[in-house]
Structures are given as C-alpha cells and as structure tokens.
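Student: I would like a close look at one part of this model, taken slowly and in connected steps. Please give the cut-offs behind each term as you bring it in.

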Amino acid sequence: MTSVDQLHNFLDIATQAVLEAGAVLKTHQGKIKTIQEKGRPGDLVTEVDKKSEDALLSVLKRHLPDHAILAEESGQHKGKDSDYLWAIDPLDGTTNYAHGYPAYCVSAGLLVEGKPVLGVIYDPSLDELYRAAQGLGATCNYQPIQVSTTASLQQSLLVTGFAYDRRETSDNNYAEFCYLTHLTQGVRRGGSAALDLVSVAMGRLDGYWERGIKPWDVAAGTIIVEEAGGRISAYDGSPLDLQSGRILATNGLLHDSLSQTLSQTPPLESWAN
Ligand code: IPD
Ligand code: CA
Ligand code: CA
C-alpha cells in the first residue's frame, strides 16, 4: 500500500523530472538536427526525444533507485522494487514537435501492480503542469481541475488519434473518426495522446478514444482524468488493459453512449459519400 506521504513525495519527484525534460524540449524547439523513422513511416524520433528521456531518467533514478522504469526510447530499466513501474514518454507529440506545431508534452505515470496511481504531465507550449495521484485529486498549475458536464454526443467535442500502423490495417479508426464527426460538434486530432487526456480532464474536450496506444502514452493521463472526475476504460466499458492499446476516456456522462457508438460504427462505404 502506497501512503499519502509517499504519493506526495513521488509527485514532487515526477514534477522535477518532467520540468527538467520540458526545459530540454524548449531549448531545442526549432533546432532539431536529426529526424529518423523508428520503423513505420511517420513514427519519428529525434535526438531531442533522447535528451529529454535522459533528463527524466536521471531525476527518477537519482531519487527512486529501486523503482522500475519503462521508457519509450530506451525500454525497460529494472528496479529492485518491481511493484513500482514508471511509464515515461519524454516527448509525446513528436510529429508536432518536429514540425514546430506547439502541441507536445512530457509524461510520467506511475503504475503500482500494473495500475496507474499517479501521473504528471508538462506542456511547455502553454506552460501547464498537470498532476494527479489516486485519492488526491487532479490539478493544472496547482489549481484543481474537473471534467466537463456535457451530457450528449450531439453537444460534445471529442478527440482521437491514429496509430503509426494505420496504413497497414483496415482497423485504423478512420470509420470511427468520420462517424463521430457526423454525430458530434467535432472530433479533433491533437497528435499527443497525453495532451488529449488532459484536455478531457480540464473539460476542454468531452471524450477521447484511440487504438494502438502504448502504456507510456496514457499511464499518466488516465489517472489525471479519473482524479478530475472522468471515466477511463476499454472501448466496451470494461477495465482498461494498458497492453491492449485501446482506450476510452470521457467526462463519465458520455461514456456509455460513446462506447456504444464505437461498437456500432458502420463501415465507411455504407454511409459516407
Ligand atoms: C503518439 C502521439 C499521438 C498518438 C500516437 C502516439 P509519440 O506518440 O501520442 O497522438 O496518436 O498513437 O504514438 O510518438 O508522439 O510519442
Ligand atoms: Ca507517445
Ligand atoms: Ca514519444
């Protein structure tokens, strides 16, 4: 069992880590030297992703040497205490960053026995720091935040994303994107899963879904949404499995209708013209 004092301590360490990594992103904004593809077309990595990850790792390892870490760029870092696992994304929104589009962030989430219990996200462009821990609420720049009260899909503004394997599968979220664009006030494609989640937590957006996401994309954002009063699950409403790659996050009020719509989305060719 993690005590409240421990959670506060972990929050402060993760805050220092994301702020130091965020400073790296700010320093190098617009000055990237190398952009490579990690295998799939469009799946970019820059030297800044790696520098930012080094900054995160250095703070976490210095203060919490026993904790394990799953880092997007360098993989697994073992720790003596395997109950605690940090899932970290040093630059969520690399494509945006590489193009100079100011929607990216640093994300650090703590899983205890596989479940997200604490998350810290820093958005350098808006200078917004998001923090949450189980039972302690969610904040933006240390002010409490809450999800929206939008209760119908017709009145909602949603966000989604498209995984890097989208050209290789027909299960690529295109049909769901178009169908929900039809049924709502709009569907945004933010380009940073972590920022999509905090936008739901802030009440700026009402719901988010995506397939093909990785634990480091959403570990922090899920607990921030829950602590802001929202709901997180798999597409069908069952508990989120971080390994499954499918996530549904809403203000709670829209959860069942969005879940149902995702399961009933007709193929594109049957209605769009
Ligand atoms: C990506 C972003 C994007 C999402 C992709 C992620 P990256 O992370 O979160 O919004 O649609 O699935 O992989 O590559 O920028 O860290
Ligand atoms: Ca990511
Ligand atoms: Ca990343």
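Tutor: Two strands are taken to pair when DSSP finds at least two bridges between them, and helices (H or I, at least four residues) and strands (E, at least two) are DSSP runs numbered from the N terminus. The model is predicted, so that local features need pLDDT of at least 70 and side-chain atom pairs pLDDT 80 or more, while totals for chains, interfaces and linings use all residues. Residues are numbered from 1 along each chain, chains are lettered from A and ligands numbered from 1 in the order written, and side-chain values use heavy atoms, without hydrogens or water.

With those conventions in place, the part to look at is the sheet, together with what gathers around it. The sheet is open and consists of 8 strands, which follow one another in the order E4-E3-E5-E6-E7-E8-E9-E10 with mixed pairing. Its edges are formed by strand E4 (75-77) and strand E10 (143-144), each of which pairs on one side only. Between E8 and strand E9 (residues 137-140) there are 4 bridges, and these two strands run antiparallel; along this pairing, Thr-139 in E9 has Arg-131 standing opposite.

The next matter is what the sheet contributes to the packing. A nonpolar core is a set of buried Ala, Val, Leu, Ile, Met, Phe, Trp, Tyr and Cys residues joined through side-chain atoms within 4.5 Å, where buried means under 20% relative accessible area for a 1.4 Å probe and protein chains only (exposed is over 50%, partly exposed in between). The largest such core holds 35 residues, and Val-18, Trp-86, Ile-88, Leu-110 and Leu-118 have the most contacts inside it. At least two residues of this core come from each of strands E3 (67-71), E5 (81-92), E6 (105-112), E7 (115-123) and E8 (128-133), and likewise from each of helices H1 (4-28) and H2 (47-63). Helix H1 gives the most to it, with 10 residues.

Leu-118 shows how these contributions meet, if contact is read as heavy atoms within 4.5 Å. Leaving aside neighbours within four places in sequence, Leu-118 touches Leu-7, Phe-10, Leu-11 and Ala-14, as well as Trp-86, Ala-108, Gly-109 and Leu-110, and its remaining contacts are Ala-132, Ala-133, Ala-220 and Ile-223. Of these partners, Trp-86 and Leu-110 are also on the list of residues with the most contacts inside the core, while Ala-220 and Ile-223 are among the buried residues of helix H6.

Apart from this core there is another, of 33 residues, including Ala-201, Leu-205, Val-225 and Leu-242. Val-225 leads back to H6, where Pro-215, Trp-216, Asp-217, Val-218, Ala-219, Ala-220, Gly-221, Thr-222, Ile-223, Ile-224 and Val-225 are buried. Because 11 of its 13 residues are buried, H6 is largely enclosed by the rest of the structure. After the helix comes Gly-229, with a positive phi near 100°.

Ala-201 leads in turn to helix H5 (residues 193-202), which is also largely enclosed by the rest of the structure, because 9 of its 10 residues are buried. They are Ala-193, Ala-194, Leu-195, Asp-196, Leu-197, Val-198, Ser-199, Val-200 and Ala-201. The glycine that follows H5 is Gly-203, whose phi is positive, near 80°.

One residue of H6, the buried Asp-217, brings us to the metal ions. Donors are N, O and S atoms within 2.8 Å of the metal (3.2 Å for Na, K and Ca), and sites may look incomplete, since water is not among the atoms. The calcium ion (ligand 2) is coordinated through OD atoms of Asp-89, Asp-92 and Asp-217, at 2.1 to 2.2 Å, and along the chain these donors follow the spacing D-x2-D-x124-D. For the calcium ion (ligand 3), the donors are Glu-72 (OE), Asp-89 (OD) and Leu-91 (O), at 2.1 to 2.4 Å, with the spacing E-x16-D-x1-L. Asp-89 thus appears at both sites: it bridges the two calcium ions, ligand 3 and ligand 2, which lie 3.7 Å apart.

The donors can also be described by their burial. Asp-89 counts as buried because its relative accessibility is 1%, and Leu-91, with a relative accessible area of 2%, is buried too. Asp-92 has 6% relative accessibility and therefore also counts as buried.
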